[in-house]
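Let's take a walk through this structure together. Have the sequence and the 3D view side by side as you read.

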Amino acid sequence: MGELRRDPVKNRWVIIDPERPDREAALKVEAQPPPPLAGPCPLCPGNEAMTPPEIAALGEPSRQRNQPGWWVRVTPDLQPLCRIEGDFDRRPEGPFDVMNAVGAHEIVVESPEHHLTWAELPEQQLERVLRAYRLRSLDLRLDGRFRSLIVVKNHGDAASILQHPHSHVLAFPFVPHGIEEELRGCQEFYARKERCAFCDIMLHERVSRVRRVEETDHFVVLAPFASRFPFETWVLPLRHASDFATIDDGELVDLAGLMKRMMQMLGKVLGNQSCTIVLHTAPFDEPHTNDYHWHLEILPKTATVEGFGWGARLFVNPVTPEEAAALLRQAV
Ligand SMILES: [Zn+2]
Ligand SMILES: [Zn+2]
Ligand SMILES: [Zn+2]
């Protein structure tokens with residue numbers, strides 16, 4: 001018999017049921033061979049002309065723009081979801097709202113080396129990647145058209161056309177639904193208790209320890225109580241802050257080491273590190289200083305969500321977060 005669990009932030013019920021028949025599949029991720037690369041990699045050093053002109057880069061001081069010598073490089077995406085130029089042209093279509101897909105879609109090229117995952121990248125290199133996220137977050141908010149930013153990293157994703165390690169930075173004129181849901185949940189929680197929901201969760205999990213995976217000087221990793229997916233984990237800063245861009249240099253170094261270890265742990269437990277990492281941070285234009293708490297969500301690509309999951313947004317998870325946390329802790 002499963003258990004129904006409600007996430008206090010997302011206000012969502014999840015069925016946690018370790019007796020589901022798909023449980024075995026959820027404890028392993030099948031490695032897929034990468035698709036054959038057609039032609040040279042546009043993200044490798046020397047091929048800078050194959051991408052749109054760069055937006056920012058960290059690299060050797062003597063280096064020229066759009067030339068090799070970079071450590072981390074940010075360019076517009078080759079196939080952007082939205083474009084940076086133009087106006088929204090907001091308009092009604094009967095009862096529907098429409099606007100042009102204006103937004104920023106940038107890619108952060110995470111290393112000059114073509115075949116390294118976050119588990120393999122030197123910590124210093126991961127720190128530069130996180131630094132690039134902070135830089136872009138501070139810069140993109142200066143464009144008054146944008147309200148929110150997310151960072152998405154598909155880790156070890158064999159399905160991506162680009163094998164070269166990279167992540168996506170997106171800025172939107174709206175707040176994506178998943179973040180809006182959390183903001184609302186956090187606001188309601190704060191209105192009732194005058195405390196940040198994520199701070200309360202951390203406090204509880206750090207004492208009870210059953211769902212705590214790891215803790216460093218500045219961060220804690222948890223398997224959330226109402227995990228939607230097997231081995232879902234959240235990385236939360238111990239210091240309350242709603243905006244990722246307030247992360248300081250000491251916290252960046254700490255987070256880089258932690259993310260590398262997390263990817264190694266997932267690789268050991270699941271046999272593969274395929275996962276999506278998403279940065280959730282407060283919108284630029286709304287004061288959520290007290291009630292929201294930025295964090296990273298790690299969503300491994302294990303078992304597929306059961307059919308009714310997508311239809312009704314009802315999640316059934318065959319691996320309890322307590323078991324997931326215990327297995328990850330052992331993999332250190
Ligand atoms: Zn490459
Ligand atoms: Zn907090
Ligand atoms: Zn979140």
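**A helix pair and two zinc sites**

Before anything else, keep in mind that this is a predicted model. A good place to begin is with two helices: α3, covering residues 177-193, packs against α4, covering residues 197-208, at an angle of about 80 degrees, and their axes are 8 Å apart. Angles from 65 to 115 degrees count as roughly perpendicular, so α3 and α4 are described as roughly perpendicular to each other. On the α3 side, the residues that meet the partner helix are Glu182, Cys186, Phe189 and Lys193. From α4 come Ala197, Phe198 and Asp200. Sorted by class, this contact has 4 nonpolar and 3 charged residues, with no polar ones.

Now for the metals. Which residues hold the zinc ion that is ligand 2? Its protein donors are Cys196 and Cys199, each through SG, plus His240 and His293, each through ND1, and they lie 2.0 to 2.3 Å from the ion. The angles among the 4 donor atoms are 105 to 113 degrees, and the site is tetrahedral. For comparison, the ideal angle for four tetrahedral donors is 109.5 degrees. If you trace the donors along the chain, you get the spacing C-x2-C-x40-H-x52-H. Within that set, cysteine 199 sits in helix α4 and histidine 240 in the loop between β12 (233-237) and α5 (249-270), so this pair links distant parts of the chain, 41 residues apart. Cysteine 199 has a relative accessibility of 24% and counts as partly exposed; histidine 240, at 29%, is partly exposed too.

The zinc ion that is ligand 3 has its own set of donors. Glu182 gives two OE atoms, and His280 (ND1), His295 (NE2) and Glu297 (OE) coordinate the ion as well, at 1.9 to 2.7 Å. You may recall Glu182 from the helix pair, where it is one of the α3 residues that meet α4. The donor spacing here reads E-x97-H-x14-H-x1-E. Because histidine 280 lies in strand β13 (residues 275-280) and glutamate 297 in strand β14 (residues 295-300), the pair ties together parts that are 17 residues apart in sequence. Are these two buried or exposed? Histidine 280 is buried, with a relative accessible area of 9%, and glutamate 297 is buried at 2%.

One last stop is aspartate 89, in the loop between β4 (70-76) and β5 (91-93). Aspartate 89 is partly exposed, at 46% relative accessible area. Leaving out neighbours within four places in sequence, aspartate 89 is in contact with Val98, Met99 and Asn100.

Definitions and conventions:
Residues numbered from 1 in each chain as written. Chains lettered and ligands numbered in written order. Predicted model: local features only at pLDDT ≥ 70, side-chain atom pairs only at ≥ 80, totals over all residues. Heavy atoms only, no water. Axes fitted to C-alpha atoms, helices over the stretch in contact; angles between N-to-C directions. Helix = DSSP H or I, 4+ residues; strand = E, 2+ residues; numbered from the N terminus. Parallel < 35°, antiparallel > 145°, perpendicular 65-115°, else oblique. Contact = heavy atoms within 4.5 Å. Nonpolar A, V, L, I, M, F, W, Y, C, P; charged D, E, K, R; others polar. Donors = N, O, S within 2.8 Å, 3.2 Å for Na, K, Ca; no water. Tetrahedral: all angles 85-135°; square planar, octahedral: opposite > 155°, others 65-115°. Buried < 20%, exposed > 50% of the residue type's maximum accessible area, 1.4 Å probe, protein only.
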